[in-house]
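Biologist: Could you take me closely through the surroundings of the ligand, and then set that part against the domains of the chain?

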Amino acid sequence: MDSLPGDLVQDEPIFAPEAFNLTPQQAELTARARRFGKAVLAPRAAAYDREARFPIENFRDMHGEGLLRICVPEEDGGEGADFTTYCLTAAELGRYCGATALSWNMHVCSTLWSGLLSEDLEMPEEERAAHRARRAKHYARIVQDGKIYSQPFSEGGAAAAGAIAFGTEARPVEGGYLINGKKIFASLSGSADYYGILCTERVGEEAASRRNTLYLAVPADAPGVSVVGDWDPLGMRGTVSRTLLLKDVFVPEDAMLMPRGVYFQAAGRWPHMFMTLTPTYMGLAQAAYDFTVSYLRGELPGMPPVKRRMFPTKQIAVAEMRIMLEQTKALWFQAIREARPDPTREQVQRAYAAQFTVMENANALAAKAIRTCGGQAMLKSLPLERIYRDSRCGSLMLPWTAEICLDRLGRDTLYKPGEKDD
Ligand SMILES: Cc1cc2nc3c(=O)[nH]c(=O)nc-3n(C[C@H](O)[C@H](O)[C@H](O)COP(=O)(O)OP(=O)(O)OC[C@H]3O[C@@H](n4cnc5c(N)ncnc54)[C@H](O)[C@@H]3O)c2cc1C
């Protein structure tokens, strides 16, 4: 996009390139996301939320903007963004439409995990060559045709938290796999072209094991795939996360998004992979703050230009919000820059702390924004009440819910690996 419609004024970046030492690619992609978010996502966000409808028009436009291919490697026609660059860009989108940014994250992860992450992990050279050839087919669909991938792993049991093997199973058959199972909260259901299913490879009577997790791209129109149930949640309504049923669904071998055993390896060696839901909420935290500042200054579009900034209570509230926002940004920025294979224990603990902080503070900031701005600010004609509802969903996201982060941080701090109380 070269210019903005009308007199839309560009917002300040969440992470100013000079202050945060961003790379030229990070500066360019975040500016692109900000311009696109403000001009395209923000005006449409209320309707998707009201109707609990998937933002398919946004995804079509994101294809034109190059955003669907952000983490596809350059040699496959993508932008080649790394983990940090993706997170920074996603935060800018989350600022303008939480549901779009969150569901876009599911799509992007299918390319990030099969791309950059897999490159960091061990596999025999032949396997790597076969993986690169397979994933090139998925990438071509995204780059050329704007195909959309989703990432349903939740099943309503302990599997999504990483505690047990996925109940959805894939049995090897001639030329591929036969999949059976059920996924709940399958964002993009009914709109994605491919569902990136995490499931357990089962052979004979062998017990299900997390080591045998497979990551398979199931075409949405494959026989045996159905989407059931309604979707009328508190927030993130545009994600349309209905239930996905898989009944004897056949997929060929090249549906594999990661080679056998590599997802299990990634979950242990590349733990920051589970932080990719935070950028949306970092953006929502910024949006709650931005709203408050313009509201109190009497500058919010669509509102009478009444200033409320002269009251000391408002000034204190904004100062407190700014402090909370800066604390959130600083910790999150450090954590996303530490993402790598085999991080230290301290880095993993910081990642839990960052995940907890972003998810909880986004909602705390939105709640404070409503209290500070006052009654008119929570009307559905303004975005703040949507930000409040969307931000409430962040701490519920498995596998790193706010509770699980607390649980692991406390335990891992007090117990060294292998330590027990007699
Ligand atoms: C808007 C939205 C979109 C979503 N999109 C997707 C998606 O695209 N793909 C997808 O796979 N999932 C998605 N999810 C699902 C999400 O990641 C969780 O799986 C879901 O919210 C879990 O709900 P539950 O009631 O089954 O939680 P439960 O499993 O019943 O857990 C309830 C709480 O108990 C705690 N808990 C659970 N297990 C443990 C444990 N082992 N140790 C300690 N504490 C534990 C956690 O704090 C958790 O929040 C989405 C959720 C929402 C709200």
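**The shell around the ligand**

Modeller: In this predicted model, 24 residues surround the ligand, and the closest of them are Ser154, Phe185, Ser187, Met236 and Glu403. Two elements give two or more residues to this shell, namely strand S3 (176-186) and helix H11 (402-414), and it is H11 that gives the most, with 3 residues. Sorted by character, the residues of the shell divide into 15 nonpolar, 7 polar and 2 charged.

The position of the ligand can be read from the domains: domain 2 (169-260) and domain 3 (270-414) both give residues to the shell, so the ligand lies between them. The domain assignment of the protein chain also gives domain 1 (24-147), and the C-alpha centres of domain 1 and domain 2 lie 20 Å apart. The contact between these two domains takes 25 residues from domain 1 and 20 residues from domain 2.

On the side of domain 1 that touches domain 2, the elements giving two or more residues are helix H1 (24-51), helix H4 (98-119) and helix H5 (125-145), with H4 giving the most, 10 residues. The residues of that side divide into 10 nonpolar, 8 polar and 7 charged.

As for the record, an unreviewed UniProt entry annotates residues 23-108 as "domain: Acyl-CoA dehydrogenase/oxidase N-terminal". In the model, the span of residues 23-108 is 71% helix and 0% strand, and its end C-alpha atoms lie 20 Å apart.

Methods. Residues numbered from 1 in each chain as written. Predicted model: local features only at pLDDT ≥ 70, side-chain atom pairs only at ≥ 80, totals over all residues. Near = placed C-beta within 6 Å. Helix = DSSP H or I, 4+ residues; strand = E, 2+ residues; numbered from the N terminus. Nonpolar A, V, L, I, M, F, W, Y, C, P; charged D, E, K, R; others polar. Domains from an automatic or database assignment. UniProt positions renumbered as here; feature names shortened; annotations may be inferred. Contact = placed C-beta atoms within 7 Å.
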